[in-house]
Amino acid sequence: MPNFISLCFYFLLVLKPAQTSTITEDVEVLVILPQNNSYLFSYPRVAPAIRYAQQRLRRDGGQYSGINFTIQYENSDCGNDALFTLADRSCEKKPDLVLGPVCEYAAAAAVRLASHWNIPVISAGALATGFNNKETEYSHLTRIAPSYLKMAETFTAMFQHFSWKGALLVYEDDKEERNCFFTLEGVFHVLGEFNIKIYPIHSKEDQLDTDDILQNIHDTEVVIMCTGADIIREIMLAAHRRRLTNGSNIFFNVELFNSSSYGNGSWKRGDKYDNEARQAYAALNTVTLLRTVKPEFENFSMEVKQSIQKAGFHDCNDCGSINMFVEGFHDALLLYAIALYEAMKNGYSKKDGAEITSRMWNRTFEGIAGQVSMDVNGDRNGDFSLMSMTNVEAGTYEVVANYYGVNRSFQVLPAFNINHFTLRERHKTHTEILDKSCGLGVSALTGIIVGAVLGTAMLMAFYFFRKNYRITIERRTQREECDIGKHRQLREDSIRSNFSAA
């Protein structure tokens with residue numbers, strides 16, 4: 001009998017941790033994403049990744065396997081539909097978690113409402129600078145993808161590393177989703193101590209004025225661009241023809257979502273300018289997300305692609321590609337499960353949104369593509385790669401350096417070439433050297449004639465110099481006034497001011 005009691009006591013000790021290590025909870029999740037597959041974050045693209053995360057949590061049989069996620073997908077564009085969807089769905093029953101929206105204007109209003117209702121929001125978007133303010137209206141927002149400010153830290157590291165002093169930010173502004181505006185807004189904010197000018201391109205309204213762009217490029221060292229691939233090519237061709245790609249300027253392109261469109265072969269169009277474009281792109285560097293792949297990611301990628309193929313989306317040729325949005329929403333579900341488990345173990349419930357949100361911040365966990373680090377403000381630390389053309393004959397690119405956001409380190413790789421990032425031949429002024437011979441043996445008459453000709457030439461030169469100098473000053477004054485206006489627009493046209501009217 002004593003032995004039997006001891007045996008029962010032993011089993012109780014063994015089983016007790018197992019019984020208390022798992023929580024059981026039903027969680028209502030509202031996913032607010034566009035149905036339109038022209039968006040890289042459409043819910044037909046993202047849904048297989050979220051399902052994979054659900055299955056992974058159940059399949060592992062660990063402490064999160066008792067969390068039962070019920071996923072409801074709602075279609076939204078990049079406008080007010082996200083807000084209306086959240087409001088309508090919450091009339092019956094408020095969700096426990098919101099995934100999305102991604103677009104800045106859609107996310108702003110929806111996140112404000114969710115924060116007011118104490119609902120955690122996790123998005124792989126809402127990357128603009130204005131969302132950094134988590135103290136009030138965006139208090140429940142967790143960004144599972146690196147923000148534009150995190151990307152911009154890469155440029156801060158390079159400016160310090162290479163001792164550059166100024167940059168021209170060239171961006172395409174469609175006045176709708178404004179992805180490139182928000183992208184380079186982050187760069188503008190972090191490079192505040194440097195001499196920064198901006199140049200917006202309104203491609204839908206005006207023709208591309210490459211002469212004006214090149215004039216602005218001529219006056220700076222570094223050019224950072226965020227535009228469509230065709231505009232990038234046109235600018236680089238024009239710069240190459242003006243010999244601005246010979247080291248007098250450093251060119252960058254920012255492409256976070258689909259680096260292949262700007263990487264290997266982006267100069268190629270199958271036209272008569274391909275050879276010239278390949279040479280021009282030898283001076284173009286691309287900043288993109290660092291790709292780290294672990295064995296499980298391959299299986300994840302394969303399953304997502306198979307799921308999309310079975311669904312048969314005929315309007316989407318590239319839906320099988322895994323981008324940062326697809327990865328991000330997979331990791332979002334894992335992060336929420338970790339935070340919910342900790343909160344409930346400490347006596348909170350799934351309705352304690354602020355508590356759950358705080359437990360998602362300032363932590364590290366294992367995501368589908370590698371380790372995910374969240375900072376104290378609920379934003380993911382980003383790792384980024386710098387790509388350069390390393391074989392001009394073939395026109396191929398390699399990663400030459402990486403920036404690691406956790407420790408803010410910039411590390412060059414074996415393919416890195418310092419000459420490619422060294423400024424040289426900065427618009428040298430060539431001074432004419434006059435012949436100082438005394439002209440002995442020349443007759444006095446010849447001397448008088450030559451003197452008269454030279455005097456006349458000098459008077460004419462002075463006249464034209466004075467006239468051109470005045471015109472130049474007037475143009476420069478106009479351009480500086482325009483630059484001041486553009487600077488003011490970029491500072492004031494922030495997410496807060498734009499979204500407060502939404």
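Cys91 is exposed, with a relative accessible area of 66%; exposed means over 50% relative accessible area, buried under 20% and partly exposed in between, using a 1.4 Å probe and protein chains only. Please keep in mind that this is a predicted model, where local features need pLDDT of at least 70, side-chain atom pairs count only at pLDDT 80 or more, and totals for chains, interfaces and linings use all residues. Residues are numbered from 1 along each chain as its sequence is written, and side-chain values use heavy atoms, leaving out hydrogens and water.

Let us turn to the cysteines that are paired. The structure holds two disulfides, a disulfide being a pair of cysteine sulfur atoms within 2.5 Å.

| Disulfide | S to S distance | Separation in sequence |
|---|---|---|
| Cys78 to Cys103 | 1.7 Å | 25 residues |
| Cys180 to Cys226 | 2.2 Å | 46 residues |

Cys78 sits in the loop between β2 and α3 (81-92), and Cys103 in the loop between β3 and α4 (104-116). Both Cys78 and Cys103 are buried. The other link runs from Cys180 in helix α6 (residues 179-190) to Cys226 in strand β8 (residues 222-226). Its two cysteines, Cys180 and Cys226, are buried, and the link is left-handed, with -70 degrees about the S-S bond. Helices (H or I, at least four residues) and strands (E, at least two) are DSSP runs, numbered from the N terminus.

Next comes the sheet. Five strands make up an open, parallel sheet in the order β2-β1-β3-β4-β5; two strands pair if DSSP finds at least two bridges between them. Because β2 (67-75) and β5 (141-143) stand at the edges with a single partner strand each, one side of each is left without a neighbour in the sheet. On average, neighbouring strands of this sheet are turned by 25 degrees against each other, direction ignored, with axes as lines fitted to C-alpha atoms and angles running from 0 to 180 degrees between N-to-C directions. Strand β1 (residues 25-33) runs parallel to β3 (residues 97-99) and is joined to it by three bridges. Val31 stands opposite Leu99 in β3.

Leu99 also leads us to the interior. In the largest nonpolar core, of 105 residues, Leu99 is among those touching the most other members, along with Phe69, Phe155, Ile224 and Phe252. Helix α11 (residues 324-345) gives the most to this core, with 14 residues. Such a core is a set of buried Ala, Val, Leu, Ile, Met, Phe, Trp, Tyr and Cys residues joined through side-chain atoms within 4.5 Å. Leaving aside residues up to four places away in sequence, Phe69 touches Val27, Val29, Gln54, Leu57, Leu333, Tyr336 and Ala337, contact meaning heavy atoms within 4.5 Å. A second, separate core of 28 residues includes Ile232, Met236, Ala280 and Ala282.
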